[in-house]
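User: Please take a close look at the largest pocket of this predicted model. I would like a connected account of what lines it, and then of the side-chain contacts found elsewhere in the structure.

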Amino acid sequence: MKILVLNGSPKEKSDTMVLTNAFLRGINKSGNHEITVLNIIEKKIAPCRGCFGCWKVKNKHCLIDDDQNQILDLYPEMDLIIWSFPLYCYGMPSHIKAVLDRTIPLTQMTMEIVDGITRHVPMVDFSKIHTVVISGCGFPNYEHNFEGLSRQCDLCFGNLTKIFVPETPLLNISEAKPVADQKIAAFESAGEEYAEKLCLAPETIESLQSLMISKEEYIRNIG
């Protein structure tokens, strides 16, 4: 399986990537998978200009000559793409949102209706690409924080598994190591499950998204 990881954290020491790396260890326990990790903050990727030049040329490339075209070349070749990033203002950080915005060259201006949703006709077979979104946040609860991102992911990605994790700052606090290690181990186990089934059971996702400590304790010590 060919796997592309788009790391959207701006930090060298990323809470979310701690979980993503554990997930990858589980997926690649056999050592048979080809994994490419791109740190988006290190790439030169400008915002989309909305020029629609890509729809005129139709070569699956953006007219802006920067690192996004490398991603556009990799994208259709992948079996699995993992989007890993911290929650920013209830959505994606701007630098990785630019990556998503600029996948437009992989579609055409022509539209179609699929399952009641109007979309642009793809130029690649997205049905063969599985997507995992892993996002962590510093809030001590899932509710009221990930709803907007969740809906956006539903509309943008197919074959989708979403994992949204509260309290991720605990992963880099030494005093929280006992509960952090449990969460990391759970992600590694989930990676093994995903490698076998290309999906996760609802109870697995619920466990991954569960709090490491109570909301009250977290607010008292972190907030």
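**The largest pocket and its surroundings**

Analyst: In this predicted model, 24 residues line the largest pocket, and those lying nearest its centre are Arg119, His120, Leu155, Cys156 and Phe157. The volume of this pocket comes to about 910 Å³. Three elements, strand E4 (107–114), strand E5 and helix H5 (147–156), each supply at least two residues of its lining, and E5 gives the largest share, with five residues. By character, the lining of the largest pocket consists of twelve nonpolar, eight polar and four charged residues.

Arg119, one of the residues nearest the centre of the largest pocket, also takes part in a salt bridge: its partner is Glu112, and the closest N and O atoms of the two are 2.8 Å apart. Arg119 has a relative accessibility of 38% and therefore counts as partly exposed, while Glu112, at 25%, also counts as partly exposed. The lower bound of that class is 20% relative accessible area, and anything under it would be called buried.

A further salt bridge joins Lys162 to Asp154, where the closest N and O atoms lie 2.9 Å apart. Lys162, at 22% relative accessibility, counts as partly exposed, and Asp154 falls in the partly exposed class with a value of 37%. Across the whole structure, nine salt bridges are found. Another of them links the side chains of Lys177 and Asp181, with an N to O distance of 2.6 Å. These two residues are four positions apart in helix H6 (residues 177–197), which means that about one helical turn separates them. Asp181 is partly exposed, its relative accessibility being 35%.

For comparison with the pocket described above, the second largest pocket holds about 290 Å³ of space. Its lining is made up of 19 residues, and Pro86, Leu87, Tyr88, Gly136 and Gly138 are the ones nearest its centre. Nine residues of the lining of the second largest pocket are nonpolar, seven are polar and three are charged.

The aromatic side chains add another set of contacts, for which a search of the whole structure gives eight pairs. One of these pairs is formed by Tyr75 and Phe126, whose rings meet edge-to-face, with 6.3 Å from centre to centre and 75 degrees between the planes. Tyr75 belongs to the loop between helix H3 (68–74) and strand E3 (80–86), whereas Phe126 belongs to the loop between strand E5 (117–122) and strand E6 (130–136), so the pair ties together parts of the chain that are 51 residues apart in sequence. The two partners fall into separate accessibility classes: Tyr75 counts as buried, with a relative accessibility of 5%, and Phe126 counts as partly exposed, with 29%. One aromatic cluster is formed by Tyr142, Phe146 and Phe164.

Strand E5 thus appears twice in this account, since it provides the largest share of the lining of the largest pocket and also borders the loop that carries Phe126.

Methods: Residues numbered from 1 in each chain as written. Predicted model: local features only at pLDDT ≥ 70, side-chain atom pairs only at ≥ 80, totals over all residues. Heavy atoms only, no water. Phe/Tyr/Trp six-rings, centres within 6.5 Å; stacked < 30°, edge-to-face > 60°. Buried < 20%, exposed > 50% of the residue type's maximum accessible area, 1.4 Å probe, protein only. 1 Å grid on protein atoms, 1.4 Å probe; cavity = no way out; pocket = protein on both sides within 12 Å on 5 of 7 lines; lining within 4 Å. Points joined across faces, edges and corners; volume = space filled by probe spheres on them. Nonpolar A, V, L, I, M, F, W, Y, C, P; charged D, E, K, R; others polar. Salt bridge = Lys/Arg side-chain N within 4 Å of Asp/Glu carboxyl O.
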